[in-house]
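Here are some short exercises to work through with the model open in your viewer. Try each task before you read its solution.

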Amino acid sequence: MTVAEKIEALRQKMGNNGVDAVILPTSDPHMSEYIPAHWESRRWFSGFTGDAGTLVVTKGESLLWTDGRFFIQANQQLAGTPIQLMRMREPGVPTIEEYLAAHIQNGKAAVDGRLYSAKAAESLQKKLAESGASLVNVDLIKDIWTEDRPALPATPVYLLEERYSGKACADKLSQVRAELKKEGADAQLYSLLDDVAWATNLRASDIACNPFAIAFLLVTEKSAYLYLDADRLEAAAAAYLKQSGVEVRPYAQLPADLKNGFGAKKVLVSKTDVSFELYSCLTANKNIEILEGKDIVTHLKAVKNPTECENMRICHVYDGVALVRFKMELEYRMAAGEALTEWDASEIAHKYRTQMPDNRGDSFETIAAYGPNAAMMHYGPTAEIHSSLQPKSFLLVDSGGQYLTGTTDVTRTFVLGGLTQEEKECFTWVLKAHIDLADAKFPQGTTGKDLDALSRVQVWKHGLDYRCGTGHGVGYMGAVHEGPQGFRDITPLVPGMSITDEPGLYMEGRFGIRTENTLEVVEDEKTEYGQFYAFRPLTLFPIDRAAILPELLSPEETTYLNNYHKTVYEKLSPELTKEECSWLREACKPLGE
């Protein structure tokens, strides 16, 4: 079926069900960022393959909302379809709520309530009510997307040993219960897959690049219930759960339990992290009181324990070694005149990461983007669709790995040949933005949002900006994008958190530049003004000196870069061969030498 045919089939279903609009978000029942193929209905109907976006179909129009990371990609992939691109947060572009309230007055908008958060549903219902419209929970796609729809994943579920996790499941549940008590609650449901993984010390491979099992966790004052089909559990994992006081129940049983009762009286709910459907099940239970609040596990897991912190430093050494070997092979093969592509670059990086100790694959699909492709922030080559590498301009490589010892995320923009003055200037401005944030020192209580301008001001000076966040939290053998910390967030940064520093510049049709390290929040000095914190780079790999205009760097920025490269060499060289050390020594030379 073509996109147009799929949209028409959906409109027929709408008519049969008395619905005036359908919303297809990029989501699953766990409010995941990266979702199993089974739930990728937005992608299937629209043909847009970006990681974020919402398709809305009415009787007369079809529209796709996405953010600035995907404008270029969406514009290309929607060409020739009946779907109109809606550029989120751009002047004159309505939100989905505003659009629906204006276009289906007194009508009905449908959404599969399993795939829409309770918070989003509440907000949409409020806006629709202004025009006499309403929101209904119904799955209209199940009878359209049938023959080629992938099954739900069910990979083996294994135990992440405590020498990696640093804390027992039973101890984590005690932490959760203590925090629940502070909130005046005696239960909370955890839908987010990284929440479940952290609390139980379980991992699986249900989603590509994400080491999670599709499961829910319900924690009460005295009990804990894991909603996961038991036949998926490896023997050691099953025994560990029993020892930890966790009862395993069938995955599909959760809605009934929420409606009928589970021994709790006051349930803390983070509406952003629970689906519309499950929230409706809770509200149907008249024996409980719902308290709106934060997701406790999300906040607990953001602060890594000492074992996790030490392990993450180790995994970044291995990751740096893999990147050294990747870059050396890329250079040698290009110098030999071999025809290479973006896909080749991606495969080379993957090859070396999988050779590292404790590696469990990539943490996301590698972005290897040459020249103009790098202006698409989340562009990704495939075996079928990719560009050839040429001995000029930039190759941007954003990649990461999953290790039993942590999760990595790093971006480098490599010089493949001659650069223009504009390319060098932009590269250096991005480097300044990166360094000025990474070198920050800040008082206790400072949030990521407080620090964001330290980075952006370096590109603002030139009338430029980037349509994405400056950085995000990173999980531990978990989600590469972890909350609540981030440089757009108001959560205070505290020691033990990890966060990326990744400013960039993206010139449509020409080139893209990004420099990214993962940073660890650490304690600095304590003065009469209180405790101060700072960042320490976890990522260990040189930044390409060939693109830097040294005269644009301040003395402090030059010192920071030279010290960083000195650390990179000291940390990686013991793990490298003599030839690799020679390459790294040259790559880490101080500016000016």
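**Exercise 1. The second largest cavity**

Task: Find the volume of the second largest cavity, and say which residues lie closest to its centre.

Solution. This is a predicted model, and in it the second largest cavity has a volume of about 70 Å³. Next, look at the lining: 13 residues form it, and I23, L24, D112, D139 and I141 are the closest to the centre. Now sort the lining by class, which gives ten nonpolar residues, one polar and two charged. Finally, trace the lining back to strands. β1 (21-24) and β5 (108-111) supply at least two residues each, and the largest share, three residues, belongs to β1.

**Exercise 2. The strands beside that cavity**

Task: In which sense do β1 and β5 pair, and how does β5 run relative to β6?

Solution. Start with β1 and β5: three bridges link them, in the parallel sense. To see the register, select V22, which stands opposite A110 in β5. Then move on to β6 (residues 134-137), which is joined to β5 by four bridges and runs parallel to it. Here a useful pair to display is V111 and N137, since V111 of the one strand stands opposite N137 in β6.

**Exercise 3. Domains and the largest cavity**

Task: Which domains does the chain have, and which of them each give at least three residues to the lining of the largest cavity?

Solution. First divide the chain by its domain assignment: domain 1 covers 3-137, domain 2 covers 158-302 and domain 3 covers 306-585. The centres of domain 1 and domain 2, taken over C-alpha atoms, are 29 Å apart. Their contact involves 19 residues from domain 1 and 18 residues from domain 2.

Now turn to the cavities. There are five of 30 Å³ or more in the structure, and the largest holds about 110 Å³ of space. Its lining has 17 residues, with W198, R203, K301, Y476 and E482 nearest the centre. Domain 2 and domain 3 each contribute at least three residues to the lining of the largest cavity. As for individual elements, helix α8 (residues 193-200) gives the largest share, three residues. By class, the lining of the largest cavity is made up of seven nonpolar, three polar and seven charged residues.

**Exercise 4. A six-stranded sheet**

Task: Work out the strand order of the open sheet of six strands, and explain why one side of β12 and of β14 is left without a neighbour.

Solution. Walk across the sheet and you meet β12-β11-β10-β8-β13-β14, with mixed pairing. β12 (246-249) and β14 (289-292) are the edge strands; each has a single partner strand, so one side of each has no neighbour in the sheet. On average, neighbouring strands of this sheet are turned by 25° against each other, direction ignored.

For one pair in detail, take β8 (residues 187-190) and β10 (residues 216-220): they run antiparallel and share four bridges. Within this pair, A187 faces T220 in β10. Last, add helix α7 (residues 169-182), which packs on the sheet and touches β8, β10, β11 (224-227), β12 and β13 (266-269). The direction of α7 makes about 60° with that of β10.

**Exercise 5. The second largest pocket**

Task: How much space lies in the second largest pocket, and which elements give two or more residues to its lining?

Solution. The space in the second largest pocket comes to about 300 Å³. Of its 15 lining residues, R536, P537, L540, T567 and K571 lie nearest the centre. The elements giving two or more residues to this lining are α13 (306-335), β28 (530-537) and α17 (555-572). By class, the lining of the second largest pocket divides into seven nonpolar, three polar and five charged residues.

**Exercise 6. Backbone exceptions**

Task: Which two residues does a cis peptide bond join, and where is D358 placed?

Solution. Begin with the general rule: most residues other than glycine have a negative phi, and most peptide bonds are trans. Then check omega: the bond between G483 and P484 is cis, with omega about 5°. P484 belongs to strand β23 (residues 482-486). Next check phi: D358 has a positive value near 65°, although this residue is not a glycine. D358 sits in the loop between α14 (342-354) and β15 (359-362).

Key: Residues numbered from 1 in each chain as written. Predicted model: local features only at pLDDT ≥ 70, side-chain atom pairs only at ≥ 80, totals over all residues. Heavy atoms only, no water. 1 Å grid on protein atoms, 1.4 Å probe; cavity = no way out; pocket = protein on both sides within 12 Å on 5 of 7 lines; lining within 4 Å. Points joined across faces, edges and corners; volume = space filled by probe spheres on them. Nonpolar A, V, L, I, M, F, W, Y, C, P; charged D, E, K, R; others polar. Domains from an automatic or database assignment. Pairing = 2+ DSSP bridges. Axes fitted to C-alpha atoms, helices over the stretch in contact; angles between N-to-C directions. Contact = heavy atoms within 4.5 Å.
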